[in-house]
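How is this protein chain put together, and which residues make up its interior? The paragraphs below take the fold as a whole and then its parts.

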Amino acid sequence: MTVLRRLRHLFGQAWLLARLKDSKSYWDGRYRLGLTSGCGSEGALAEFKARVLNGFVREQRVGSVIEFGCGDGTQLALAAYPRYLGLDVSPAAIRLCRRRFAGDATKEFRLLDEFSPSSPKADLTLSLDVIYHLLEDAVYHRHLEALFGASRRWVIIYSSNAEDPSPARHVRHRRFTDDVSTRHPAFGLVRKIENPYPGESFAEFYVFERLAEATRA
């Protein structure tokens with residue numbers, strides 16, 4: 001990150017945090033100011049996440065992916081998915097992605113509000129660096145409901161998973177695996193993939209599979 005870009009990020013972040021109302025307005029504000037989805041979508045972390053996800057899609061022969069919280073598409077640029085739907089609460093993020101991937105018929109982007117329980121499901125649903133940015137309990141639980149409700153077989157979450165306090169006002173850590181086991185019992189945690197860069201990110205991969213499928217596998 002260049003010095004100018006770093007300064008722009010710091011001033012923009014400070015301005016947004018001083019006016020923080022809720023998670024939706026914070027992220028839409030970031031993208032409208034020209035800030036990115038964050039350092040987790042760049043460099044070594046982004047490459048690690050792409051290796052894990054692309055390998056999983058290939059090995060499990062995943063045909064369709066829905067991502068809840070696509071952001072500005074920086075991480076997606078490294079992805080190899082046969083068919084992809086990106087959802088986000090931010091109109092600014094959706095505009096960025098539509099421009100960035102214009103002409104790519106394998107990718108589609110919609111506002112989260114346009115997605116409903118009756119919308120088509122996917123083989124795999126994703127939540128990457130989203131859960132610990134959901135400040136409100138109701139928003140967090142709706143995210144899990146949509147994430148697991150839209151999956152035919154697999155759910156992959158990349159997040160922290162502990163009730164640790166955070167000095168950052170836009171971060172709220174949760175032990176989400178407890179909520180998945182109690183509220184979404186049709187899915188079981190089948191794999192955890194540790195992040196090789198713990199100094200750069202507190203998130204790790206959690207892979208869930210629909211239990212009927214796991215029994216047959």
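Accessible areas are here taken from the Shrake-Rupley method with a 1.4 Å probe. On that basis the protein chain of this predicted model exposes about 11,100 Å², of which carbon and sulfur atoms supply 54%. Of the 217 residues in the protein chain, 49% are buried, where buried means a relative accessible area under 20%.

The secondary structure comprises 7 helices and 7 strands, and from the N terminus on these elements follow one another in the order α-α-α-β-β-α-β-β-α-β-α-β-β-α. Among the contacts in the protein chain with a separation of 6 or more, 65% are made by residues 24 or more positions apart.

Turning to the interior, in soluble globular proteins nonpolar side chains tend to be buried together. In this model the largest nonpolar core has 28 residues, and those with the most contacts inside it are V65, Y81, F109, L124, L126, I156 and F205. Two or more residues of this core come from each of α3 (43-59), α4 (91-100), β4 (122-128), β5 and β7, with α3 giving the most, namely 6 residues. I156 can serve as an example of how these parts meet: leaving aside its neighbours within four places in sequence, I156 is in contact with L53 and F56, with L124, T125, L126 and S127, and with F205, Y206 and V207. Apart from the largest core lies another core, of 21 residues, which includes I66, F68, V130 and V180.

V180 leads on to helix α6, which spans residues 176-183 and has F176, T177 and V180 as its buried residues. Seen down the axis of α6, these buried residues fall within an arc of 100°, and therefore they line one face of the helix. The underlying geometry is that an α-helix has 3.6 residues a turn, so residues three or four places apart point the same way. The cover over the buried residues of α6 includes α5 (137-149), β5 (151-159) and β7 (204-210).

F176 also has a place among the aromatic residues, since ring pairs link F148, F176, F187, Y206 and F208 into a cluster. Counting ring centres within 6.5 Å of each other as a pair, the model comes to 12 aromatic pairs. A further aromatic ring, that of Y140, has a charged partner: R174 lies over the face of Y140, at 4.2 Å from the ring centre.

Key. Residues numbered from 1 in each chain as written. Predicted model: local features only at pLDDT ≥ 70, side-chain atom pairs only at ≥ 80, totals over all residues. Heavy atoms only, no water. Helix = DSSP H or I, 4+ residues; strand = E, 2+ residues; numbered from the N terminus. Buried < 20%, exposed > 50% of the residue type's maximum accessible area, 1.4 Å probe, protein only. Contact = heavy atoms within 4.5 Å. Phe/Tyr/Trp six-rings, centres within 6.5 Å; stacked < 30°, edge-to-face > 60°. Lys NZ or Arg CZ within 6 Å of the ring centre and 35° of its normal. Arc of directions from axis to C-beta. Core = buried A, V, L, I, M, F, W, Y, C linked by side-chain atoms within 4.5 Å.
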